[in-house]
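Here are some exercises to work through with the model open in your viewer. Try each task on your own before reading its solution.

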Amino acid sequence: MHISQGIDLLNVKRINKVYRRFGQRFLDKVLSHKELQVLKKRNKINYVANRFAAKEAVLKAFGFGWRNGVKLTEIEILNDDLGNPEVYLHGKTKEILHNLSNLKIIKINISISDEKDYVVALALLIQE
């Protein structure tokens with residue numbers, strides 16, 4: 001078994017600044033449809049910052065950035081019944097990340113933590 005990791009640290013003020021400038025257009029580029037539905041029930045800026053950092057950490061764990069057609073909306077971070085975040089890959093992004101990385105992913109673990117002005121996310125790819 002092999003593990004690769006990615007981590008992202010984000011200043012929440014940065015997300016707030018981008019959101020104030022672009023509003024819903026920004027949200028539509030970062031969040032999946034299901035994440036947008038959850039957003040209606042949460043603190044908007046913190047939720048978006050958490051998801052943005054988590055998605056960046058996942059891409060770093062794969063060794064990719066936003067290239068080759070990868071879309072943040074196709075990396076979905078949803079909480080299970082106990083509140084633990086889970087990662088779901090969809091569409092072209094799932095295909096790109098699995099094919100180009102040549103990784104046989106068993107599971108993607110994600111941990112997200114925030115404190116006042118900062119969010120940190122850690123992604124672990126567990127491979128065969």
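The exercises below go from the whole chain to single residues.

This is a predicted model, in which local features need pLDDT of at least 70 and side-chain atom pairs count only at pLDDT 80 or more, while totals for chains, interfaces and linings use all residues. Residues are numbered from 1 along each chain as its sequence is written, and side-chain values use heavy atoms, with hydrogens and water left out.

**Exercise 1. The fold in outline**

Task: Find how many helices and strands the protein chain has, and give their order.

Solution: Begin with the assignment: helices (H or I, at least four residues) and strands (E, at least two) are DSSP runs, numbered from the N terminus. Counting these runs gives five helices and five strands. Reading from the N terminus, you should get β-α-α-α-α-β-β-α-β-β.

**Exercise 2. Overall dimensions**

Task: Test the radius of gyration of the protein chain against the value for a compact globule.

Solution: First apply the rule, which is 2.2 Å times the number of residues to the power 0.38, with the radius taken over C-alpha atoms. For 128 residues, a compact globule would come out near 14 Å, and the protein chain has 14 Å, so the two agree. Next, align the C-alpha atoms with the principal axes; they fill a box of roughly 40 × 30 × 25 Å.

**Exercise 3. Surface, contacts and charge**

Task: Describe the burial, surface, contacts and charges of the protein chain.

Solution: Start with burial (buried is under 20% relative accessible area, exposed over 50%, partly exposed in between; 1.4 Å probe, protein chains only). By this scale, 42% of the 128 residues are buried. The accessible surface (Shrake-Rupley, 1.4 Å probe) is about 7700 Å², and carbon and sulfur atoms hold 50% of that.

Now turn to contacts (heavy atoms within 4.5 Å). Taking those between residues at least 6 apart in sequence, 57% join residues at least 24 apart.

Finish with charge, counting Lys and Arg as positive and Asp and Glu as negative, without His or the chain ends. Each charge is placed at NZ of Lys, CZ of Arg, CG of Asp or CD of Glu. The mean positions of the 22 positive and 14 negative charges are 7 Å apart.

**Exercise 4. Two lysines**

Task: Decide whether lysine 55 and lysine 116 are buried or exposed.

Solution: Take lysine 55 to begin with, in helix α4 (residues 44-62). Its relative accessibility is 0%, so lysine 55 counts as buried. Look for a polar contact (a pair of N or O atoms within 3.5 Å; within protein, one must be able to donate a hydrogen and the other to accept it, and residues adjacent in sequence count only if both atoms are side-chain atoms). The side chain of lysine 55 reaches the backbone oxygen of leucine 72 at 2.9 Å. Beyond its neighbours within four places in sequence, lysine 55 touches residues including Val30, Glu35, Leu72 and Ile77.

Lysine 116 sits in the loop between β4 (105-115) and β5 (118-127). With a relative accessible area of 74%, lysine 116 is exposed. Check its backbone too: phi is positive, about 50°, although lysine 116 is not a glycine.

**Exercise 5. Around helix α1**

Task: Inspect both ends of helix α1, then locate asparagine 16.

Solution: At the start of α1 (residues 12-22), a side-chain oxygen of asparagine 11 comes to within 2.9 Å of the backbone nitrogen of lysine 13. After α1 comes glycine 23, with a positive phi near 55°. Asparagine 16 lies in α1 and is partly exposed, at 26% relative accessible area. Its C-alpha is 9.3 Å from that of lysine 44, 28 residues away in sequence.
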